[in-house]
Amino acid sequence: MTVDHATPSTATVTRLGARIGARIDNIRLGGDLDAATVEVIRRALLEHKVIFFRGQDHLTEDGQHEFAQLLGTPTTPHPTVTSKGVKSLAIDSENGRANSWHSDVTFVDRIPKASILRAVHLPSYGGSTTWASTVAASESLPEPLRLLAENLRAVHTNVYDYAAAHNDKESPHSAAYRAEFQSTYFETEHPVVRVHPETGEKSLLVGHFVKHFVGLSTGESQALFRLFQDRVTRLENTTRWNWQLGDVAIWDNRATQHYAIDDYDDQPRRLTRITLAGDVPVGVDGRPSTILSGNAEHYSIVEEVTSIVEKDTAAA
């Protein structure tokens, strides 16, 4: 690993891989960060897709929320799960394990732009998380697959056969969580390739909330889903983080998927997540996502986004 650059605020950004991931040191996260340091974080997030901070033991839920407000508008914790937090969502192994590749909350029209995750209680071994760059996946598509993907749309829903797919016997806690997760039905049609509203990059919008591709049969949808999803999770497109207490991870939810690795037996694992309001995805053809069922206005505003080029032009 090499240090990419240092900033006047003494923060250093260290690249962790060619396509995704960086660690930022010498920043104490909180609601009192100066504007220059917040901009360092924003730029690093857009460039590296997921960024990590060690040694943030001072952060509380309130501090995490105040910091999140510097980067955007926090959503409510979840569109349907309302019993697991007021400011943040408890990511608790007691309620189940998200060991399946996904971007957060893609079953609504206003997909969160970013998530901020803080380690609260960790197992003595295992429990790391892996992120994948959906931008790198899109950029790696050969021309025939690129043209296909850019002309496809997919339906995402919050009702999916996650437990059965993993042959897991649900505990009473996880069954109750699943029931709450599915308590209000959401279904949204998204472009399979979305244009990132800030960077202009193209990314593959798939993951485990995909129900089917529009206009295709179940069998055809399954075959295409595997084809595109396998592009996302190629190892060269990923970075893996081994959590320590006091760690914070922030990822661009418009440009990544993630997978919480279930390798810690029956030990407890708990983190707290705050998501930031995003925009409605737009495809290469300029068409936005379409709501088929459910209303997410209670969950999040739709953020108005300014591209990097526009920001830099205005600053100049």
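Reader: How many cavities of 30 Å³ or more does the count come to?

Author: Two. Keep in mind that this is a predicted model.

Reader: OK, what volume does the largest cavity have?

Author: The largest cavity has a volume of about 170 Å³. Its lining is made up of 15 residues. Nearest the centre of that cavity lie Arg 42, Leu 45, Leu 46, Lys 113 and Glu 198.

Reader: Which helices each supply at least two residues of that lining?

Author: Those are α1 and α8 (308-315). The largest share comes from α1, with six residues.

Reader: And how does the lining of the largest cavity split by class?

Author: Eight of its residues are nonpolar and seven are charged, with no polar ones.

Reader: What about the second largest cavity, how much space lies in there?

Author: About 40 Å³. The residues that line the second largest cavity include Ser 103, Thr 134, Asn 253 and Arg 254. By class, this lining has five polar, three nonpolar and two charged residues.

Reader: Let's stay with Ser 103. Where is its place?

Author: Ser 103 sits in the loop between β5 (89-92) and β6 (114-121).

Reader: Is Ser 103 buried or exposed?

Author: Ser 103 is buried, because its relative accessibility is 5% and the cut-off for buried is under 20%.

Reader: What does the side chain of Ser 103 reach?

Author: The backbone oxygen of Thr 256, at 2.6 Å. If you skip neighbours within four places in sequence, Ser 103 is in contact with Thr 256, Phe 209, Asn 253 and Gln 257. Asn 253 also turns up with Ser 103 in the lining of the second largest cavity.

Reader: You listed Arg 254 in that lining too. Which residue does Arg 254 form a salt bridge with?

Author: Asp 252, with the closest N and O atoms 3.0 Å apart. Arg 254 counts as buried at 4% relative accessibility, and Asp 252 is buried too, at 1%.

Reader: Switching to charges in general, how many salt bridges does the structure hold?

Author: The structure holds 21 salt bridges. Side chains of opposite charge can pair when their charged atoms come close.

Reader: Which residue does Arg 270 form a salt bridge with?

Author: Asp 92, and their closest N and O atoms are 3.7 Å apart. That pair links distant parts of the chain, with Arg 270 in strand β16 and Asp 92 in strand β5, 178 residues apart. Arg 270 counts as partly exposed, at 32% relative accessibility.

Reader: What about Arg 146 and Glu 150, in which helix do both lie?

Author: Both are in helix α4 (residues 143-150), four residues apart, which is about one turn of the helix. Their side chains meet in a salt bridge at 2.9 Å, N to O.

Reader: Why does Arg 146 count as partly exposed?

Author: Because its relative accessibility is 22%, and partly exposed lies between the 20% and 50% cut-offs. Glu 150, on the other hand, is buried, with a relative accessible area of 15%.

Reader: Last topic: which residues are buried in helix α2?

Author: In α2 (residues 61-71), the buried residues are Gly 63, Gln 64, His 65, Phe 67, Ala 68 and Leu 71.

Reader: And what do the buried residues of α2 pack against?

Author: They pack against helix α1 (35-48) and against β6, β14 (248-252) and β16 (270-276). You've met α1 already, as it gives six residues to the lining of the largest cavity.

Terms used. Residues are numbered from 1 along each chain as its sequence is written. This is a predicted model: local features need pLDDT of at least 70, side-chain atom pairs count only at pLDDT 80 or more; totals for chains, interfaces and linings use all residues. Side-chain values use heavy atoms; hydrogens and water are left out. Buried means under 20% relative accessible area, exposed over 50%, partly exposed in between (1.4 Å probe, protein chains only). A polar contact is a pair of N or O atoms within 3.5 Å; within protein, one must be able to donate a hydrogen and the other to accept it, and residues adjacent in sequence count only if both atoms are side-chain atoms. Contact means heavy atoms within 4.5 Å. A salt bridge is a side-chain nitrogen of Lys or Arg within 4 Å of a carboxyl oxygen of Asp or Glu. On a 1 Å grid over the protein atoms alone, a cavity is a set of points where a 1.4 Å probe fits but cannot get out, and a pocket is an open set with protein on both sides within 12 Å along at least five of seven lines; lining residues have an atom within 4 Å of a point. Grid points are joined across faces, edges and corners, and a volume is the space filled by probe spheres set on the points. Ala, Val, Leu, Ile, Met, Phe, Trp, Tyr, Cys and Pro count as nonpolar, Asp, Glu, Lys and Arg as charged, and the others, Gly among them, as polar.
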